[in-house]
2 protein chains.
Amino acid sequence: MKKKPLILVVNDDGITAPGLRTLITIMNEIGKVVVVAPDSPQSAMGHAITINSTLHCQKMNLTDGPQLEYSCSGTPADCVKLAVNELLDRKPDLCVSGINHGSNSSVNVIYSGTMSAAIEAGIEGIPAIGFSLLDFSWNADFKPLKSFIHEITIKALKNGIPKGVVLNVNFPKLKLKEIKGIKICRQAKANWVEEFDKRTNPMGKEYFWLTGTFINEDKGEDTDEWALSQGYISIVPTQFDLTAHHTIQELNTWDL
Amino acid sequence: MKKKPLILVVNDDGITAPGLRTLITIMNEIGKVVVVAPDSPQSAMGHAITINSTLHCQKMNLTDGPQLEYSCSGTPADCVKLAVNELLDRKPDLCVSGINHGSNSSVNVIYSGTMSAAIEAGIEGIPAIGFSLLDFSWNADFKPLKSFIHEITIKALKNGIPKGVVLNVNFPKLKLKEIKGIKICRQAKANWVEEFDKRTNPMGKEYFWLTGTFINEDKGEDTDEWALSQGYISIVPTQFDLTAHHTIQELNTWDL
């Protein structure tokens, strides 16, 4: 690619998140950057879109740099739709989402706003990558990720991401010298076992907080969970054709 | 199955929706029914879950019948989590979601609250089916669907749904005698081309409404869109392992 690539940067933790700021810095070294991010945190929004209310968008520049920035009232998927259809003058060459404060490995990909933004871009035919760090804290240390994100992005632009696929990249919470490398993985078959914290409000009415424990009984050494636990960065090629093609034959025997 | 199956009924259009009421009536003929549905419409919520605010739940009985009903403040996925972990005394034998007022065929499965509820149940190891009618109106005619939903549900209970898969069932908007039968399909590769309706509010500030046109360039006769267009009911086996296994080898050549 001779011309500077146009890179759309989105996230789900909101436009002020340090993870997003780190990603902008890295992408400014690679291409022309336009940021379209939610004006408030949108974690666990899955692939929600806004169809029953209005969307607002504000141009701003939160930090120094050549990037254009827009803060939007919608979900991460809304941000991508707005960017592609209203804010950008051409289709971006790449969409990067994150860096998420917290894991999007295994089944978390389903709930993730970060990955829904990447998947939305993928659906619209834009090569896309979601980046996440296994550290929920606002002050997470993103420095060790920089060189890896730069390398993955450059290779994605050079090689092209397979059609119908977006990349789900997760980083272990480790120092640079402790990171062992990168593994291409499959999504571990794990899930959350919920525990609802039941409380009583000042008016005497019951309410709940959703909490849970992550349970991984998939011990495969080809999974993202295994790679991360061993100090590797995991990359899962993630598709949005959800058809379980291998079961079509079995279902045809139901004789419906 | 000798004992009456325990059936969890959920939806995304909210507890008052006629589609849900129809589904309850059908399920009451098959098993012991517990309804856990959102207290307000949650269309296009994708797989959002509520982690930064509280959840409320109210036991009620909106219509006659043996079913137990709960109205909840959360998303469709929240409703399943609450049902399984707080409201039911055992794991349900089946979860059915819908009947959605509107299509969840093709790429709509990604945005669908109806299907996210079914997928959430699937992740928790519960056989699950989402039912949708290609008619957005509140007064849609669900009667032609009844015998088919009854048959599909009975066969799912008898045969078992393949592991790691939930069924996405869509019905054409047709009279009973016009429906040609049922096809097991793959998800058509189609997408929405957005058009944002840009307006100005009374304070002079711009805002947007998300609208769009559904574009299907996938002419495959094995797709849900084809089946529905030809007067068939479509069933797509839908998985929540999003790994694009077939691309792992290609990505390994990137030499990361």
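**Exercise 1. Which residues in helix 2 of chain A meet residues in helix 4 of chain A, and how are the two helices arranged?**

*Solution.* The model under study is predicted.

Step 1. On the side of helix 2 of chain A, the residues involved are A:Pro76, A:Ala77, A:Cys79, A:Val80 and A:Lys81. Their partners in helix 4 of chain A are A:Gly113, A:Thr114, A:Ser116, A:Ala117, A:Glu120 and A:Ala121.

Step 2. Two packed helices are described by the angle between their axes and the distance between the axes. For helix 2 (residues 76–87) of chain A and helix 4 (residues 113–123) of chain A, the angle is about 30° and the axes are 7 Å apart.

Step 3. Angles under 35 degrees count as roughly parallel, so helix 2 of chain A is roughly parallel to helix 4 of chain A. The crossing of helix 2 of chain A and helix 4 of chain A is right-handed.

**Exercise 2. Determine whether helix 4 of chain B is covered, and describe what follows this helix.**

*Solution.* Step 1. Helix 4 of chain B spans residues 113–123, and 11 of its 11 residues are buried. Among them are B:Gly113, B:Met115, B:Glu120 and B:Ile123. The helix is accordingly described as mostly covered.

Step 2. Just after helix 4 of chain B comes B:Gly125, with a positive phi of about 85°.

**Exercise 3. Classify B:Lys4 as buried or exposed, and locate this residue.**

*Solution.* Step 1. B:Lys4 lies in the segment before strand 1 (6–10) of chain B.

Step 2. A residue is exposed if 12 or fewer other C-beta atoms lie within 10 Å of its own. B:Lys4 has 11 C-beta neighbours inside 10 Å and therefore counts as exposed.

Step 3. Apart from neighbours within four places in sequence, B:Lys4 is in contact with B:Gly31 and B:Lys32. Between the C-alpha atoms of B:Lys4 and B:Pro162 there are 21 Å.

**Exercise 4. Assess how compact chain A is.**

*Solution.* Step 1. Chain A contains 7 helices and 11 strands. Its radius of gyration is 19 Å, close to the 18 Å that the globule rule gives for 256 residues, so chain A is as compact as a globular protein of that length.

Step 2. Buried residues account for 52% of the 256 residues in chain A. Of the contacts in chain A between residues at least 6 apart in sequence, 77% join residues at least 24 apart.

**Exercise 5. State how chain B is related to chain A.**

*Solution.* Step 1. Chain B is superposed on chain A by a rotation of 180° with 0.0 Å of shift along its axis, giving an RMSD of 0.0 Å. The two copies are thus related as by a two-fold rotation axis.

Step 2. Since 100% of the interface residues of chain B are also interface residues in chain A, the copies meet through the same surface.

Note on methods:
Residues numbered from 1 in each chain as written. Chains lettered and ligands numbered in written order. Predicted model: local features only at pLDDT ≥ 70, side-chain atom pairs only at ≥ 80, totals over all residues. Least-squares fit on C-alpha atoms with pLDDT ≥ 70 in both. Contact = placed C-beta atoms within 7 Å. Buried ≥ 20, exposed ≤ 12 C-beta atoms within 10 Å, placed from the backbone. Helix = DSSP H or I, 4+ residues; strand = E, 2+ residues; numbered from the N terminus. Rg over C-alpha atoms; globule rule 2.2 N^0.38 Å. Axes fitted to C-alpha atoms, helices over the stretch in contact; angles between N-to-C directions. Parallel < 35°, antiparallel > 145°, perpendicular 65-115°, else oblique. Left-handed = near helix turned anticlockwise from the far one by under 90°.
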